[in-house]
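New to this one? Have a look at the chain first, then read on for a quick tour of a helix pair and of how the chain is divided up.

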Amino acid sequence: MKTRAAVAWGANQPLTIETVDLEGPKAGEVLMEVMATGICHTDAYTLSGLDSEGLFPAILGHEGAGIVREVGAGVTSVRPGDHVIPLYTPECRQCKTCLSRRSNLCTAIRATQGKGVMPDGTSRFACDPAHEKPLFHYMGCSTFSNFTVLPEIAVAKVREDAPFDKICYIGCGVTTGIGAVIYTAKVWPGANVVVFGLGGIGLNVIQGARMVGADRIIGVDINPAKEAMARKFGMTHFVNPKAVGNDKVVQAIQDLTDGGADFSFDCTGNVNVMRQALECCHRGWGESIVIGVAPAGAEIATRPFQLVTGRVWKGSAFGGARGRTDVPKIVDWYMEGKINIDDLITHTMPLEQINHGFELMEKGESIRSVVVF
Ligand code: NAD
Ligand code: AHE
Ligand code: ZN
């Protein structure tokens, strides 16, 4: 079939809208009509050329929602007409990691996903006149296409009364932020929490921290325009590194938290910020969760003494959520009014304006832009 898609031809080049070829689903795969997709900072990161797994040309996008239109042989868990959210972290329920129950990082298809192809090693997408070159999938999702093909284990079936243009955000940002609080860190009621980076992920960490009953929720951002929205979602104190001095951020947080945070979260992808996030944690038990994705080659550093004295450095991917199990529940939370997604979606646009969505994010003028097909 033919489908309309935004194609990334190379690093730092604007996406162009193309009509591309899409092969139907093979065994174990589903064809999905993407109804809406968010633009996450990780899409911008890969487009910037700093992703060590970045491939071009590719159809980016990993934060979608839509409808199953066709299923391949052997697919049993979804059928045409089902409403689904694609999962860049699938849940096969059979691999060593899924069976361990210790992590959400299902390994069933991770290797081929990182190479921009389906589990059989080939792409379902092709684009004339570049037909001789493969057109790569992205994070196993490619939601910047009106239709896409996904492995059955990489879709979460969700209720049919939920609006696509809102629940697409659960495909990454909402789940990543709230999940990091409840599944990865297991923040306790009364904890002091610090969130570095008040964008599409950090604000969901804040609403997760408020949900579990955190006491102080301190937000840190170099963009003062983020303060108002963060306060609306539960931030109690704001620290602007440009105002207090970058070298005084850790002290400022220790002063606000009687010696250090119980939990901190990096939602910037900046390795210097990750160090501040660890070092502002309380001696003996403070845990810092790395969510931000850093450029290829970047490394984190701290004095080992920080760890010897009990601070813990952890990472979180997709909020530690098990996609097929947890995503439908998070959709329910939204529909029951337990979480706020609507106010975080600051811009909605057609596919033709997708580059504008990227610009708004880069300029810090949006929280989430959503493309509606
Ligand atoms: P965003 O652009 O919406 O927000 C980033 C925020 O960080 C902005 O408000 C920006 O002003 C702030 N910031 C930048 N530099 C800063 C600094 N030095 N100090 C303080 N604040 C600073 O991006 P997003 O969509 O929220 O994504 C945030 C990060 O999370 C990105 O690195 C993204 O790739 C990553 N991410 C990770 C996962 C995961 O599963 N681990 C999932 C989604 C996104
Ligand atoms: N390709 C990057 C890795 C990027 C990364 O860490 N991605 C996160 C999700 S970001 C969503 O917005 C993730 O889930 N990581 C776990 C995994 O298996 O990729 C690189 O650095 O090579
Ligand atoms: Zn994302």
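## Two helices and two domains

Helix H5 (residues 173-185) packs with helix H6 (residues 202-211) at an angle of about 45 degrees, and their axes are 7 Å apart. This is a predicted model, by the way. Angles from 35 to 65 degrees fall outside both the roughly parallel and the roughly perpendicular ranges, and H5 and H6 are therefore oblique to each other. As for handedness, H5 passes H6 in a right-handed crossing.

Who does the touching? On the H5 side, the contact is made by Gly-173, Val-174, Thr-176, Gly-177, Ile-178, Ala-180, Val-181 and Ile-182. H6 brings Gly-202, Leu-203, Asn-204, Val-205, Gln-207, Gly-208 and Ala-209. Sorted by class, this contact has eight nonpolar and seven polar residues, with no charged ones.

Now step back to the whole chain. It is divided into domain 1 and domain 2, and their centres, taken over C-alpha atoms, are separated by 28 Å. Here is what each domain covers and what it puts into the contact:

| Domain | Residue range | Residues in the contact |
|---|---|---|
| domain 1 | 2-171 + 341-372 | 17 residues |
| domain 2 | 174-317 | 14 residues |

Which helix gives the largest share of the side of domain 1 that touches domain 2? That would be helix H1 (residues 41-47), with three residues. By class, that side of domain 1 divides into nine nonpolar, five polar and three charged residues.

Methods:
Residues are numbered from 1 along each chain as its sequence is written. Chains are lettered from A and ligands numbered from 1 in the order in which they are written. This is a predicted model: local features need pLDDT of at least 70, side-chain atom pairs count only at pLDDT 80 or more; totals for chains, interfaces and linings use all residues. Axes are lines fitted to C-alpha atoms, for helices over the stretch in contact, and angles run from 0 to 180 degrees between N-to-C directions. Helices (H or I, at least four residues) and strands (E, at least two) are DSSP runs, numbered from the N terminus. Angles under 35 degrees count as roughly parallel, over 145 as roughly antiparallel, 65 to 115 as roughly perpendicular and the rest as oblique. A crossing is left-handed if the near helix is turned anticlockwise from the far one by less than a right angle, and right-handed if clockwise. Two residues are in contact if their C-beta atoms, placed from the backbone, lie within 7 Å. Ala, Val, Leu, Ile, Met, Phe, Trp, Tyr, Cys and Pro count as nonpolar, Asp, Glu, Lys and Arg as charged, and the others, Gly among them, as polar. Domain bounds come from an automatic or database domain assignment.
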